[in-house]
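These are my notebook entries on one protein model, kept in the order in which I looked things up.

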Amino acid sequence: TRRSLEGKAILVTGASSGIGREVALALSAAGARVAIGARRVDRLENLVASAHGEVLPLQLDVTDAESVQRAVGETVGRFGRLDALVNNAGLMQSGLILGADVREWQRMIDTNLLGSMYAVHASLPHLLATKGAVVQVSSTAARSASLGSGVYAATKFGISAFSESLRQEVTRRGVRVIVIQPGFVDTELTSHITDPMMQAAAADIAASMRTLRPEDIAEAIVYALSQPEHVSVNEILVRPTDQV
Ligand code: NDP
């Protein structure tokens, strides 16, 4: 399916590192025009240089509804349309509930849950016009919570609820909702954990297995977005083979 996304215009949030960066590159390689948003715009400029097709870097903070509106507006302004939103921006700050710094909870909920809702809200009129798609980069944490992942898992469970409601609202109008649930992927995600015990646990997990690479998730997203209009790939669960 190389060039299977020729002519499509796609916005990827959180494209400055990890999964988002590889998704943007893969979509570009498949022929899409890609708008890439994140707070670290210097990193986005670097991505533009690595991509082959047209890539539009955008300053974006998903926790700010106006910033999200602006990014969607600039995307449609440049490309004239929006065929897909890849809601990828996310933050994980694992830790116990007892004694937690609740500002970390606020940041995770603002970023993962509200941020992705803002992006859907701003994109939806354009996606209805193109019969486009929403890709939610969720997690295996949306299927089962574990010790130390309570708030992160709550945001990802929340994404499942929102996505199913969204699906029922728009599927008969031709908009497809695709939820991707990756297991452990080797990225910067764990670098934001402030609890030393949780940080060490994450490093142990990474060292104990052949983790997924961001490219593995990018491939799943290109697959889902390359389907004919009557096919809606609603959910993809991808774990490393070594992850129990
Ligand atoms: P990274 O930390 O490498 O990437 C996170 C991305 O999100 C960065 O580009 C970051 O950009 C962006 N981001 C964070 N906060 C904001 C914000 N307020 N506004 C805009 N962009 C923001 O981690 P991953 O690539 O691993 O994570 C991507 C997604 O994949 C997340 O939703 C995560 O929950 C999910 N996921 C990851 C797994 C893993 O094992 N790595 C497993 C399952 C799901 P910047 O800081 O420049 O704004």
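**Entry 1: strand β5**

I began with β5 and looked at both of its faces, which are covered: Ala133, Val135 and Val137 are buried on one side, and Val134 and Gln136 are buried on the other. I noted that the model is predicted. The count for β5 is 5 of 5 residues buried, so the strand is largely enclosed by the rest of the structure. For this step I needed the cut-off: a residue is buried if 20 or more other C-beta atoms lie within 10 Å of its own.

I then looked up the pairing of β5 with β4, which is parallel and runs over 4 bridges. Within that pair, Leu85 has Val134 of β5 as its bridge partner.

**Entry 2: the sheet**

Next I asked in what order the strands of the sheet stand. The sheet is open, has 7 strands and follows the order β3-β2-β1-β4-β5-β6-β7, with parallel pairing. At the edges I found β3 (55-59) and β7 (235-238); each has a single partner strand, so one side of each is left without a neighbour in the sheet. On average, neighbouring strands are turned by 15° against each other, direction ignored.

I also checked β1 (residues 9-13) against β4 (residues 84-87), and these strands pair in the parallel sense over 3 bridges. Ile10 has Ala84 as its bridge partner in β4. Helix α4 (residues 102-130) packs on the sheet and touches β1, β4 and β5 (133-137). The direction of α4 makes about 175° with that of β4.

**Entry 3: the whole chain**

I recorded 7 helices and 7 strands for the protein. Along the sequence the pattern reads β-α-β-α-β-α-β-α-β-α-β-α-α-β.

For overall dimensions, I noted that the C-alpha trace spans about 50 × 35 × 35 Å along its principal axes. I compared the radius of gyration with the expectation for a compact globule of 244 residues, which is near 18 Å; the protein has 17 Å, which agrees. Buried residues account for 43% of the 244 residues. I also looked at contacts between residues at least 6 apart in sequence, and 71% of these join residues at least 24 apart.

**Entry 4: the ligand shell**

How many residues surround the ligand? I found 31, and the closest are Gly14, Gly18, Arg39, Arg40 and Gly90. By kind, the shell divides into 13 nonpolar, 13 polar and 5 charged residues. Helices α1 (18-29) and α4 each supply at least two residues of this shell. The element that gives the most is α1, with 3 residues.

**Entry 5: Gly95**

I placed Gly95 in the loop between β4 and α4. Is Gly95 buried or exposed? Gly95 is buried, because 21 other C-beta atoms lie within 10 Å. Neighbours within four places in sequence aside, Gly95 is in contact with Ala100, Glu104, Gly148, Asp195 and Met198. I checked Met198 separately: Gly95 and Met198 are 103 residues apart in sequence, yet 6.3 Å apart in space, C-alpha to C-alpha.

**Entry 6: Lys131**

Lys131 lies in the loop between α4 and β5. I noted its phi, near 50°, which is a positive value in a residue other than glycine. With 13 other C-beta atoms within 10 Å, Lys131 is partly exposed.

**Entry 7: Arg43 and Val170**

I found Arg43 in helix α2 (residues 41-50). Arg43 is partly exposed, with 15 other C-beta atoms within 10 Å. Leaving out neighbours within four places in sequence, I listed Ser16, Ser17 and Ala38 as contacts of Arg43. Arg43 and Pro57, 14 residues apart in sequence, stand 9.4 Å apart, C-alpha to C-alpha.

I closed with Val170, which lies in helix α5 (residues 150-170). Val170 has 19 other C-beta atoms within 10 Å and is therefore partly exposed. Outside its neighbours within four places in sequence, Val170 is in contact with Leu128 and Val175. I also looked up the distance from Val170 to Asp216, which is 28 Å from C-alpha to C-alpha, with their positions 46 residues apart in sequence counted as separation.

Notes:
Residues numbered from 1 in each chain as written. Predicted model: local features only at pLDDT ≥ 70, side-chain atom pairs only at ≥ 80, totals over all residues. Pairing = 2+ DSSP bridges. Axes fitted to C-alpha atoms, helices over the stretch in contact; angles between N-to-C directions. Contact = placed C-beta atoms within 7 Å. Near = placed C-beta within 6 Å. Nonpolar A, V, L, I, M, F, W, Y, C, P; charged D, E, K, R; others polar. Rg over C-alpha atoms; globule rule 2.2 N^0.38 Å. Buried ≥ 20, exposed ≤ 12 C-beta atoms within 10 Å, placed from the backbone.
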